[in-house]
Amino acid sequence: MTERIPELEYLKMTALQKFGYNFVWFFTDIPNKFKRFFTAVIPALFLRLWYTLKGWFSVISNAAKYGDWKTRMSFVVMGFSHLARKQIMRGLIYLVFEVLFVLYMVFFGAGQLAMFGTLGTHERGSYIDPVTGIEKYTAGDNSLLILIYSILTLFIIVAFVYLWYYNLKTGYAAQEIEEARKKLPTARDDIASLADEQYHKTLLSVPLLGLTIFTIFPIIFMIFVAFTNYDVNHNPPTTLFTWIGWDNFAKLFGGGAVGAANNFGKVFLDILIWTVIWAFFATFSNYILGMIVALIINKKGIRLKKLWRTILILTIAVPQFISLLLMSQMLSDTGFVNTMLQEWGITSGPIPFLSDGTVAKVTIIVVNMWVGIPYTMLMCTGILMNIPEDLYESAKIDGAGPVKAYMKITLPYVLHVTTPYLITQFIGNLNNFNVIFLLTGGAPLLSEGAAGGAGQTDLLITWLYKMIMNEKLYGVASVISIMMFIITAAISLVVYNRSKAVKNEEDFM
Amino acid sequence: MKKRIISLLACGAIAAGTVMGLSACGGGEDKMIVWGPATQQAVLQQMVDEFLAQNPDITIPIELGIVGEGDAYSKLSQDVEAGADVYAYANDQLVQLRSIGALARVPDAAVTSMKQTDDAGAVESGKIGEYYYGYPYAADNGFFMYYNTDIVPADTKIEDMTLNEILDACAEKSLYFIYQMKTGWYAGSFIYGAGGSYEVTWDGAEPAENGIVCDFDTKKAVAADGTVSEYSAGVIGAQMHYDLGKHDALVDGDDTVITNYLQNKKMGVAITGTWNGKLISENLGDKYAATILPDYESSLDHKTYHWYTFAGYKLYGVNSYSKHPEEAHKLAQFLSSQAMQEKRFDAVEIGPSNKTVAAMDKVKNNVAINAISKQFEHNYVIQKSMPSTYWSAMEAYGTNVIEWTKATTAPSTQDITARIATLVQELKGQTTPQS
């Protein structure tokens with residue numbers, strides 16, 4: 001199956017056939033999807049980048065070719081074009097930034113960047129103080145700080161280059177305005193424009209700064225760490241770490257079987273599979289069962305609706321982590337449930353709710369329902385009450401049964417509204433630290449000596465936690481973080497963009 | 001327009017706030033931090049006050065922090081520079097602490113003096129290579145034998161009875177012998193008693209390449225009288241481990257089992273540590289007693305062997321990143337001194353590592369601590385930093401012994417020899433244990 005069958009034939013199929021066809025098509029189309037990704041999506045991205053750069057260069061070359069001496073001076077002294085045209089404030093801002101940048105580079109940035117290639121060479125040393133006999137220490141290089149400051153310096157350089165380009169652009173623009181004999185905007189005009197036509201810049205500058213500092217910077221830092229041997233034995237400030245190229249990736253994807261010294265690859269795959277299974281079941285079990293509960297409560301003729309809802313909502317009132325810790329205590333081998341079962345003579349030994357891998361996986365999913373169903377119930381109740389009653393009435397007149405009405409009216413309506421919610425839930429469950437960490441802590445062990453102390457119920461995120469907190473394998477952990485970032489980003493972007501809620505935004509409004 | 005200017009100002013204020021917040025970090029006042037476990041905070045505060053009173057030239061304020069001896073590494077590894085100047089740690093974290101630079105060398109003069117005053121094992125427990133990295137103050141983490149005096153016949157002393165006789169005596173009185181068969185901490189005890197040894201050379205915080213030496217399968221067992229057996233230490237130990245597990249009086253269980261059997265008045269012997277002393281003494285009343293682990297007679301060559309405990313110690317370490325190394329070393333030495341160990345025993349009953357304090361009557365009158373000090377005199381092996389594979393390999397071996405005791409046929413000497421060979425391979429990290 002390399003091409004989809006014609007539309008007409010597809011339309012002839014029954015619903016079940018369509019589903020089966022789409023299901024098979026999804027998998028057979030995967031190679032094509034990859035092909036499209038590499039032949040269409042990636043080149044398009046590069047093309048856009050190329051056009052942007054071309055735009056920049058044309059601005060720069062125009063400034064060089066057609067600029068007067070004032071504009072050309074801006075190549076060296078930023079803001080000169082503005083200063084010479086009496087736009088003092090603009091010119092000064094550019095100039096101040098240039099001076100600050102030069103000072104920063106001379107006194108700090110250049111030194112850090114010089115060590116960026118090695119991440120430090122001086123180990124921490126020690127000597128015995130001849131007077132007191134006490135061991136004292138001489139400070140060495142701190143690879144971690146060198147890495148952080150180098151990345152910071154790179155950020156600053158990029159920002160500076162952009163500012164330099166912008167200085168040429170506005171400088172040349174000022175020349176053009178002057179040549180056209182128009183009035184140049186004054187400082188007062190500039191400030192006014194920031195509160196008016198350029199108001200978006202004013203508003204977005206703070207969030208953008210925050211995003212750069214708190215999100216983009218850490219991600220870039222993490223990507224760099226993935227190429228270092230930063231771990232317990234290369235741990236600043238006491239010891240240095242350095243670049244090791246793709247070794248961490250090789251460790252993760254080239255590892256041997258369980259039992260071998262390096263079993264990262266096998267463990268990673270095992271955990272990834274369980275993570276996806278968990279996310280799928282945790283999301284859809286809560287979603288479907290929650291919706292069913294909501295439907296039951298919403299049904300005409302059910303009494304005490306408010307009471308039922310309140311009872312279910314009470315579980316939300318108890319903090320999630322308390323519920324989970326309680327469950328973990330109750331279900332342990334010597335916990336309340338097992339003790340009772342044995343006292344009553346129902347079982348002879350403890351049921352390994354949380355101590356046997358497979359049983360624990362089921363237990364976790366079931367316990368998660370307890371935590372999650374009320375939320376879906378609550379949300380669906382609102383949506384269900386919103387569906388116009390006349391839709392059901394006309395369906396009834398047309399002879400549709402309750403199942404048909406559900407499939408054709410309720411489900412599409414609810415799905416349409418909740419697809420973004422489902423996606424967030426799925427992504428959230430991929431990274432659901434709480435449930436796993438508090439219930440089992442990842443136990444039981446995947447195998448003795450499993451890489452990073454991985455357990456059978458560990459998700460990637462809890463494995464990552466163990467790897468960082470217990471084993472201190474920062475380098476490999478960074479590679480896994482990158483993988484997780486790619487997986488979650490890909491799933492959320494693709495599914496969200498394809499969801500009906502985004503495509504047909506006007507429906508049902 | 002006006003509104004916009006106001007919001008513009010608001011944005012500016014937020015931006016300024018962020019910048020100020022970022023630049024406000026750093027600085028901090030000059031002080032020393034001391035970490036100790038929660039139960040010792042009050043007595044630690046008294047000690048620090050006394051230290052400051054005795055050393056009027058030290059004017060740096062000293063702050064206390066609650067960090068248990070077992071958590072020192074996990075806490076310090078987060079940020080060693082921001083950690084305590086002086087802190088209490090359990091000796092099994094020694095190598096890891098040193099690898100992150102959290103431990104400064106003890107000056108030679110202090111080493112000489114603590115070698116004279118303190119238990120040899122306790123001083124050794126802070127040693128890496130030829131240097132020492134801690135001031136010992138407690139020798140109390142090990143296991144020994146609590147027993148119900150009912151099991152001792154009228155005309156005999158418990159010290160003269162072998163393990164085999166004690167087991168039979170328990171069975172006779174319908175009492176039980178409680179021991180943890182598979183937990184890694186207990187599982188190796190017979191093998192160490194028969195002369196086996198396990199040593200790790202470290203490269204940073206991980207075992208060096210081929211850095212693990214284990215002779216359970218090659219070293220011939222050494223009996224209590226010094227004669228050498230034809231069997232290896234591992235085989236002698238494993239055979240006794242199996243014989244013990246097979247005995248009718250044996251109950252394999254942890255602290256909850258001990259509580260259970262005490263309540264049902266069925267405890268004859270419990271092999272455990274000082275933390276259960278109070279529980280057992282309250283339940284047994286007059287019949288409460290404790291002593292060192294008994295010797296045992298091997299069913300293979302009928303020689304008598306010792307039974308060893310793992311010995312764990314607690315020490316005060318000085319952070320090598322301390323800004324006041326002189327004062328920090330002085331304080332650590334003070335906190336582990338004889339007077340302070342006595343004070344600590346008075347306050348929280350912790351087994352002292354100081355020989356003079358351990359010999360005091362009030363310490364000897366504490367049954368559990370007296371037993372552990374005696375145990376730590378000869379029949380012990382220091383529990384150093386262990387790679388995590390040690391515990392899993394030992395547990396897999398212990399589990400295997402339990403399986404043998406449940407099978408209908410006893411394992412042959414060949415079976416045991418083969419299992420010990422596997423154990424040694426696992427301990428050396430050549431194969432991973434499969435359970």
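## Helices, strands and domains in a predicted model

In helix α19 (residues 460-471) of chain A, the buried residues are A:Leu460, A:Thr462, A:Trp463, A:Leu464 and A:Met467. The structure described here is a predicted model. The cover over the buried residues of α19(A) includes α11 (264-298), α18 (433-439) and α20 (474-498), which also belong to chain A. Just after α19(A), A:Lys472 adopts a positive phi of about 55°.

Chain A as a whole is divided into domain 1 (1-50), domain 2 (67-245) and domain 3 (267-503). The centres of domain 1 of chain A and domain 2 of chain A, taken over C-alpha atoms, are separated by 45 Å.

Chain B has 435 residues, and buried residues make up 48% of them. Its secondary structure comes to 19 helices and 19 strands. The C-alpha trace of chain B spans about 95 × 50 × 45 Å along its principal axes. Of the contacts in chain B with a separation of 6 or more, 74% are accounted for by residues 24 or more positions apart.

The domain assignment of chain B gives two domains, each written as two segments. They are listed in the table.

| Domain of chain B | First segment | Second segment |
|---|---|---|
| Domain 1 | residues 5-139 | residues 312-370 |
| Domain 2 | residues 144-310 | residues 380-427 |

The C-alpha centres of domain 1 of chain B and domain 2 of chain B lie 34 Å apart. Their contact takes 15 residues from domain 1 of chain B and 16 residues from domain 2 of chain B. On the side of domain 1 of chain B that touches domain 2 of chain B, the elements giving two or more residues are α4 (94-99), α6 (120-124) and α17 (367-375) of chain B. The largest share of that side, 4 residues, comes from α4(B). The residues on this side of domain 1 of chain B divide into 5 nonpolar, 8 polar and 2 charged.

Strand β6 (residues 135-141) of chain B has 7 of its 7 residues buried, so the strand is largely enclosed by the rest of the structure. β6(B) pairs with strand β18 (residues 309-318) of chain B in the antiparallel sense, over 5 bridges. Within this pairing, the bridge partner of B:Ala139 in β18(B) is B:Tyr313.

Helix α19 (residues 413-427) of chain B has 15 residues and reaches 21 Å from its first C-alpha to its last, close to the 21 Å expected at 1.5 Å a residue. Which residues of α19(B) are buried? They are B:Ile416, B:Arg419, B:Ile420, B:Leu423, B:Val424, B:Glu426 and B:Leu427. These residues cover an arc of only 160° around the axis, and therefore they are on the same side of α19(B). An α-helix has 3.6 residues a turn, so residues three or four places apart point the same way. The cover over the buried residues of α19(B) includes β9 (198-203), β10 (206-214), β12 (228-232), α10 (233-246) and α18 (388-406) of chain B. Just after α19(B), B:Gly429 takes a positive phi of about 80°.

A single residue of another helix completes the account. B:Gln45 has its place in helix α2 (residues 41-54) of chain B. B:Gln45 counts as partly exposed because it has 14 C-beta neighbours inside 10 Å, whereas a buried residue would need 20 or more. B:Gln45 and B:Leu64 are 19 residues apart in sequence, and 7.4 Å apart in space from C-alpha to C-alpha.

Notes:
Residues are numbered from 1 along each chain as its sequence is written. Chains are lettered from A and ligands numbered from 1 in the order in which they are written. This is a predicted model: local features need pLDDT of at least 70, side-chain atom pairs count only at pLDDT 80 or more; totals for chains, interfaces and linings use all residues. A residue is buried if 20 or more other C-beta atoms lie within 10 Å of its own, exposed if 12 or fewer, and partly exposed in between; C-beta atoms are placed from the backbone. Two strands pair if DSSP finds at least two bridges between them. Two residues are in contact if their C-beta atoms, placed from the backbone, lie within 7 Å. Domain bounds come from an automatic or database domain assignment. Ala, Val, Leu, Ile, Met, Phe, Trp, Tyr, Cys and Pro count as nonpolar, Asp, Glu, Lys and Arg as charged, and the others, Gly among them, as polar. The expected span of a helix is 1.5 Å times one less than its number of residues. The arc is that of the directions from the helix axis to the C-beta atoms.
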